[in-house]
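Open the model in your viewer and keep the selection panel handy. We will go from one stop to the next, and at each I will tell you what to select and what is there.

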Amino acid sequence: MASVAFLVILFSVQRFGTSKVGLVYGPVLFIWFLSLGLVGLYNILLYDNSVFKAFNPVYIYYFFSSNPNRAWISLGGCLLCITGAEAMFADLGHFSVRSVQIAFTFLVFPCLLLAYMGQAAFLIKNPSMAERAFYASIPAGAFWPILVLATTAALIASQAMISATFSCIKQSMALGCFPRLKVIHTSKRFMGQVYIPIINWFLMILCIIVAATFKGTNEIGNAYGISEVGVMMVTTVLVTIVMLLIWQTNLFLALCFLVFFLTIELTYFVAVLMKVSDGSWLPLVLASCLLFVMYIWNYGSVLKYQSEVRMKISMDLMLELGSNLGTVRVPGIGLVYNELVHGVPAIFGNFVTSLPAIHSTIIFVCIKYVPVPVVTQGERFLFRRVCPRNYHMFRCIARYGYKDVRKENHQAFEQLLIESLEKFLRREAEDFSLESDDQYSSESENETKDPKLLGEISCSPDSLEAPLMGNYRGSRNFFAPPESLPEASTSSGLPTSVVPMDDQSLEYELSSMHKAKESGVVYLLGHGDIRARKDSWFIKKLVINYFYAFLRKNCRAGIATLRVPHTNLLQVGITHMV
């Protein structure tokens with residue numbers, strides 16, 4: 001019961017962040033390591049200083065040659081001497097590199113070395129005390145203080161693994177290998193200091209189950225050992241890949257590094273495999289479950305994104321769609337949320353075909369998170385035109401830092417967006433007025449790539465109520481790949497990117513935008529889903545239609561932080577067959 005209570009307390013304080021928790025834990029661990037080093041030094045001087053011979057690797061050979069079976073089994077126990085070191089690299093996101101180097105080099109390593117050598121010196125004189133060597137080797141006057149420190153340190157030691165777990169899950173989400181979860185950044189100084197509530201409570205439940213199920217520390221130690229050597233093996237392989245692909249290290253040197261370290265780690269791995277039935281099975285089961293979840297999420301996400309890119313709409317198809325359906329523009333602003341940075345998403349076609357009319361101003365909003373604490377409001381939005389200017393369609397990339405709160409009032413968000421769009425239009429007009437006539441031909445060739453592309457200046461008062469897109473001859477499949485279609489053209493004799501702008505057309509566009517804002521802003525949310533084709537393999541249907549669908553249904557939605565009244569929301573779904 002005491003262990004369970006301590007675990008509940010430990011995981012309950014994680015929400016305060018690594019920095020605040022470290023302020024409490026740091027002094028305790030500092031005193032703990034100093035106590036270990038001093039007790040170890042005391043035992044070395046009191047019992048036998050010949051333990052320094054352990055630095056000679058020849059004694060390893062003597063031990064294995066005289067006791068091969070015992071020596072092989074003891075490798076698993078020796079591995080526990082370095083448990084926790086694997087969390088050092090994952091914790092780099094929570095602390096600076098220099099602080100980790102100083103702490104491990106000048107405090108942790110020498111104190112642990114003295115502690116183990118002191119216990120060895122004690123056992124030389126007291127071999128019968130092997131089962132409780134640590135507490136038996138403590139001087140009588142320091143027993144109770146160190147017992148309290150040991151209990152507290154055992155509780156705190158899990159902090160490194162908890163912080164490392166948060167970091168690994170966050171990086172997995174960034175790589176698209178784990179379902180989206182709520183991530184709370186607890187520090188403005190260190191980007192890696194994060195707190196993930198659902199992972200925190202999931203770990204707490206697992207720890208309580210393990211503490212209640214396992215009968216002793218041997219099983220937990222065996223489970224820890226196979227996790228430790230597994231992390232080392234994966235790290236060695238990944239570092240070798242980095243050496244070859246990033247550092248451009250000589251192939252021979254990289255292979256020497258791989259063979260040297262992997263040989264040592266495989267030796268330990270084979271030794272700990274002998275204890276699978278004694279607790280080592282637990283990390284293998286957990287790792288298999290996580291691998292299963294990560295693979296399914298990545299597989300489904302890749303198929304979904306590829307389908308969205310393949311089905312995005314070209315400008316020619318938008319022109320044809322407006323002409324055929326007779327869609328009209330009504331006053332108002334429509335914010336179409338999507339994940340594509342380029343192109344018109346296929347979900348917009350569903351909005352057009354499902355609605356009798358479309359708003360006079362359309363803004364495709366894509367939210368991206370950047371690796372800085374806070375993005376100023378002046379740098380929040382990036383705009384560009386999606387098509388010629390009389391269509392009043394824009395793309396907006398909304399950038400947020402990892403400490404920005406995505407829970408601002410929707411009216412404040414809309415006001416800031418409109419102000420930023422107005423600045424973009426004015427800056428666009430100023431920049432375009434400075435361009436010379438001899439650049440017209442070169443700009444027309446790159447009109448689909450330049451973020452300052454402009455369209456015709458014909459913005460008559462009736463244009464906002466005209467069909468969404470102008471007349472376009474020909475008939476094409478609505479969901480055909482855009483790269484197979486020619487570029488859109490306009491009725492003007494000049495390319496749309498070089499038609500001159502004047503103050504009257506700019507003021508008219510700004511006036512139209514403000515009138516649209518007064519008519520209201522509607523959030524057009526697209527809900528994309530994927531399903532396996534009927535002719536797909538049974539395994540693919542099982543993975544996509546059931547496992548991946550379950551993960552998507554229960555993960556955090558990309559628009560979960562929007563605080564918009566339901567009267568301003570309009571959602572349309574689309575299902576991609578993959």
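Start by selecting Val336 and Leu524: Val336 stands opposite Leu524 in strand E7. Bear in mind throughout that this is a predicted model.

**Strand E3 and its partners**

Widen the selection to E3, residues 328–337, and E7, residues 521–531. These two strands run parallel and are joined by 5 bridges. Now add E4, residues 357–370. E3 pairs with E4 in the parallel sense too, here over 8 bridges. To see one of the pairings, pick Val328, whose bridge partner in E4 is Ala357.

Is E3 mostly covered or mostly open? Colour it by accessibility and you will find 7 of its 10 residues buried, so the strand is mostly covered.

**The largest nonpolar core**

Next, select Leu335, Ile363, Phe383 and Leu417, the residues with the most contacts inside the largest nonpolar core, which has 26 residues. Strands E3, E4, E5 (381–385), E6 (393–401) and E7 each supply at least two residues of this core, as do helices H16 (410–433) and H18 (503–519). Show H16 on its own for a moment: the largest share of the core, 8 residues, comes from this helix.

Which residues does Ile363 touch? Leaving aside residues up to four places away in sequence, display Ile333, Gly334, Leu335, Val336, Phe383, Phe394, Cys396, Leu417 and Leu421 around Ile363.

Apart from the largest core lies another one, of 20 residues. Select Met315, Val336, Val344 and Val352, which are among its members. Val336, from our opening stop, belongs here. As background, nonpolar side chains tend to be buried together in soluble globular proteins.

**The cysteines**

How many disulfides does a search of the whole structure find? The count is 0. Two cysteines make a useful pair to look at. Cys168 has a relative accessible area of 45%, and is partly exposed because that value falls between 20% and 50%. Cys555, at 13%, is under the 20% cut-off and therefore buried.

**Ser12, the last stop**

Finally, go to helix H1, residues 2–12, and select Ser12. Its relative accessible area is 28%, so Ser12 counts as partly exposed. Add Val8: the backbone oxygen of Val8 lies 2.5 Å from a polar atom of the Ser12 side chain. Then add Trp201, which is 189 residues from Ser12 along the chain, and draw a distance between the two C-alpha atoms: they are separated by 8.5 Å.

Conventions
Residues numbered from 1 in each chain as written. Predicted model: local features only at pLDDT ≥ 70, side-chain atom pairs only at ≥ 80, totals over all residues. Heavy atoms only, no water. Core = buried A, V, L, I, M, F, W, Y, C linked by side-chain atoms within 4.5 Å. Buried < 20%, exposed > 50% of the residue type's maximum accessible area, 1.4 Å probe, protein only. Helix = DSSP H or I, 4+ residues; strand = E, 2+ residues; numbered from the N terminus. Contact = heavy atoms within 4.5 Å. Disulfide = S-S within 2.5 Å. Pairing = 2+ DSSP bridges. Polar contact = N/O pair within 3.5 Å; in protein donor to acceptor, adjacent residues only side chain to side chain.
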